[in-house]
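Biologist: I would like a close look at a single part of this model, namely its sheet. Please describe how the strands are arranged and then follow one residue through its surroundings.

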Amino acid sequence: MPRITFVERNGTSRQVEAPVGYSVLEVAHKHGVDIEGACEGSLACSTCHVIVDSAWFPKLAAPTEDEEDMLDLAFGLTATSRLGCQIVVTDALDGLVVKLPAGTRNAQG
Ligand code: FES
């Protein structure tokens with residue numbers, strides 16, 4: 001099974017098993033990683049924002065326009081930001097590293 005490493009806000013890395021077909025958000029929730037995902041993957045929030053490791057970013061499927069629009073609203077957007085609910089685990093993503101952003105728009109009030 002593929003594995004994903006989450007780098008948490010305090011810098012701790014956690015490697016977890018990531019079933020193929022799950023989104024990064026679902027994998028995070030399954031393992032108690034603190035990503036909010038307020039709209040549960042329906043592209044109506046930006047609280048599932050993750051920062052993809054720059055080596056991995058080009059290997060992901062390109063974001064849709066809807067995802068880009070939502071990302072524009074994310075707090076602390078970076079060049080390798082994605083929405084966790086839109087990254088679907090495949091065998092090719094075994095070893096993926098994503099970092100949790102310092103905050104989300106909702107958390108910032
Ligand atoms: S959970 Fe809301 S856009 Fe990803």
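Modeller: Val7 faces Ser13 across the pairing, the latter residue belonging to S2. The model is a predicted one, and in it strands S1 (residues 3–7) and S2 (residues 13–17) run antiparallel, joined by five bridges. Five residues separate the two strands of this hairpin, and Gly11 adopts a positive phi near 95° there.

The hairpin belongs to an open sheet of five strands, ordered S2-S1-S5-S3-S4 with mixed pairing. S2 and S4 form the edges, each pairing on one side only. On average, and with direction ignored, neighbouring strands of the sheet are turned by 35° against each other.

At the edge formed by S4, the partner is strand S3 (residues 49–52); three bridges connect S3 and S4 in the antiparallel sense. Within this pair, His49 stands opposite Leu83 of S4.

The residue to follow is Ser81, which lies in strand S4 (residues 81–83). Its relative accessible area is 4%, under the 20% limit, and Ser81 therefore counts as buried. Two polar contacts involve its side chain. One joins the side chain of Ser81 to the side chain of His49 at 2.7 Å. In the other, the Ser81 side chain reaches the backbone nitrogen of Thr78, at 2.7 Å. When neighbours within four places in sequence are set aside, the residues in contact with Ser81 are His49, Val50, Ile51, Phe57, Leu71 and Gly76.

Methods:
Residues are numbered from 1 along each chain as its sequence is written. This is a predicted model: local features need pLDDT of at least 70, side-chain atom pairs count only at pLDDT 80 or more; totals for chains, interfaces and linings use all residues. Side-chain values use heavy atoms; hydrogens and water are left out. Two strands pair if DSSP finds at least two bridges between them. Helices (H or I, at least four residues) and strands (E, at least two) are DSSP runs, numbered from the N terminus. Buried means under 20% relative accessible area, exposed over 50%, partly exposed in between (1.4 Å probe, protein chains only). A polar contact is a pair of N or O atoms within 3.5 Å; within protein, one must be able to donate a hydrogen and the other to accept it, and residues adjacent in sequence count only if both atoms are side-chain atoms. Contact means heavy atoms within 4.5 Å. Axes are lines fitted to C-alpha atoms, for helices over the stretch in contact, and angles run from 0 to 180 degrees between N-to-C directions.
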